[in-house]
Amino acid sequence: MRFFNYIASQWMPSASDRWFPNVNPADTRDIIGEFPRSSAEDVARAVEAARDAFRTWSRTPAPRRGEIIRRAGDIFTRRKDELAAVMTREMGKPLFETKGDIQEAIDTAYYSATETRRLFGYNTPSELPNKLNLSFRMPIGVCGIITAWNFPIAVPSWKIFPALAAGNTVVWKPSDDAPHSAVVFAEILEEAGVPPGVFNVVHGDAEAGAALVEHPDVRVVAFTGSTATGTRIAERCGALNKKVSLEMGGKNAVIIMDDADLDLALDGVLWGAFGTTGQRCTATSRLILHAPIHDRFLDMLSERARSLRIGSGLEADTQMGPVINQRQCDKILGYIRIGQEEGARLIIGGNRLTSGNFAHGYFIEPTIFAGVQPHMRIWREEIFGPVLSVARADSFEHAIALANDSEYGLSSAIYTRSVEYAFAAMRDIEAGITYVNAPTIGAEAHMPFGGIKNTGNGHREGGWTVFDIFTEWKTVYVDFSGRLQRAQIDTAAE
Ligand code: UN1
């Protein structure tokens, strides 16, 4: 079966007539379909459609735009089960996770719709008599949106709904590992009543992504993906004077102090490290155990991780699905080898599963390394798989220093019953997000989301902070004095 780009409400192949297959990572014999491998020409077509639609859409009253977005949330709700199956089939995570992914998009739709009545600017007294100062959030134009496959609906929705709510138009290049979900996203927006050209989908790989970044009529680029790709995008956007928002890698640490509720921490670490098969930018990939509970907690954790049920995400009792593709599978296994060569202690896992039902999928065991030292690559580099690196901390200060010894700064967590530790950690952990007594994953749609250091470039999705990405400020001065009033800057000498 062939699927198409969605441009100006038309479904169309790439002008270049090239295609790529979309494969089920749990069973590579299952080919979902072929999708257009788009070129710069296809991207240009979509950007033109979005540019043409901008005038009318940006002038549509924001609450009217909100009604359409709210309807999209309703349709996502109606199509939840069917869409979850589409998502799981193409990217592997269990159905309960893909349903959660969709729920986050529904929440984001309703939140963005509501915000269309609250796109607050501010006004202030003027420094001069009979003059009024106002400021407004203005839509910017065509937004180029480039996303990863691990949250095929939620993460795109974090960008698409606020962008549309603010009056922008969108060209979205979804991941080539989750293109079918994007097709359903487009169907839903069409049914919700998004006018032609306001929202467009162009499938493809880095070629289409690069063309989107380069196109002169794309005024904002919002990207979720690797730090390497995001940094290249930022360089180009710098040269082209485009606004760019980046959500990139993570190497998220959990600290467990000796006074923590260890059962609670255990559930949190298991979910944070092995939920979504460790393939979240917020996944727990470093665990820092306070020395007095180190051995005990490691035993508890190994036992529980060993018993996680691995399998196709389409099966009801699966707790951990496959990794996304051959490239990632090789990369993760490569890191497991590196960890062993570096001298870390492999506690459990380490293997690809190849027998029986696993034979045709990319399944890797939950893997835990202990004795990990901060110089080791498995401590420093983002693996994006079910691999957890554990280190021992002698004190609270040592634990914080270990957590902060990273080029990334997205999510983080501390388990403790101590008010002193909890508040010091909230202040001292270098990360965009810190959880207290909860895992590193599970951000809520209406709170700022993003990271520091090599994780981001200062923007935050989620909450109203996302509108800082998708709007520009316009300041308006109204002088009703009937005479030339010079601003203070020009009269200070008088
Ligand atoms: C990501 O992996 O790109 O906080 C985002 C979380 C999710 C989002 C993860 N809501 O884990």
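**Ligand shell and domain interface**

In this predicted model, the shell around the ligand is made up of 7 nonpolar, 3 polar and 2 charged residues. Going through the names, these neighbours are E104, N150, F151, V155, W158, R280, C281, T282, I441, G442, A443 and F449. E104 and R280 are the charged pair in that list, since Glu and Arg fall in the charged class.

Polar contacts to the ligand come from side chain and backbone alike. On the side-chain end, R280 places an N or O atom 2.8 Å from a ligand oxygen. The backbone joins in at G442, where a polar atom sits 3.0 Å from an oxygen of the ligand, and at A443, where a backbone N or O atom is 2.7 Å from a ligand oxygen. As for how much of the ligand is left uncovered, the protein takes up 97% of the 320 Å² of accessible area that the ligand has on its own.

Where does the ligand lie relative to the domains? It lies between domain 1 and domain 2, because both of them give residues to its shell. The split of the chain runs as follows: domain 1 takes in 5-248 + 456-476, and domain 2 spans 252-436. Taken over C-alpha atoms, the centres of the two domains are 31 Å apart.

The two domains also touch each other directly. Contact involves 23 residues on the domain 1 side and 24 on the domain 2 side. Putting domain 1 and domain 2 together buries about 2000 Å², with carbon and sulfur atoms accounting for 62% of that area. On the domain 1 side, P25, A26 and W149 stand out: this trio supplies 24% of the area that domain 1 buries against domain 2, more than any other three residues.

Polar links cross this interface as well. Counting pairs with both residues at pLDDT 80 or more, 7 residue pairs are in polar contact between domain 1 and domain 2. Salt bridges are scarcer in the tally, with 1 found across the interface. Elsewhere in the picture, R280 turns up again: its side chain meets that of E97 in a salt bridge, at 3.9 Å from N to O. The R280 side chain thus appears twice in this account, once with an N or O atom 2.8 Å from a ligand oxygen and once in the salt bridge with E97.

Note on methods:
Residues numbered from 1 in each chain as written. Predicted model: local features only at pLDDT ≥ 70, side-chain atom pairs only at ≥ 80, totals over all residues. Heavy atoms only, no water. Near = heavy atom within 4 Å. Polar contact = N/O pair within 3.5 Å; in protein donor to acceptor, adjacent residues only side chain to side chain. Areas by Shrake-Rupley, 256 points an atom, 1.4 Å probe, with all protein chains shown as cover. Domains from an automatic or database assignment. Contact = heavy atoms within 4.5 Å. Buried area = accessible area lost by both parts, 1.4 Å probe. Salt bridge = Lys/Arg side-chain N within 4 Å of Asp/Glu carboxyl O.
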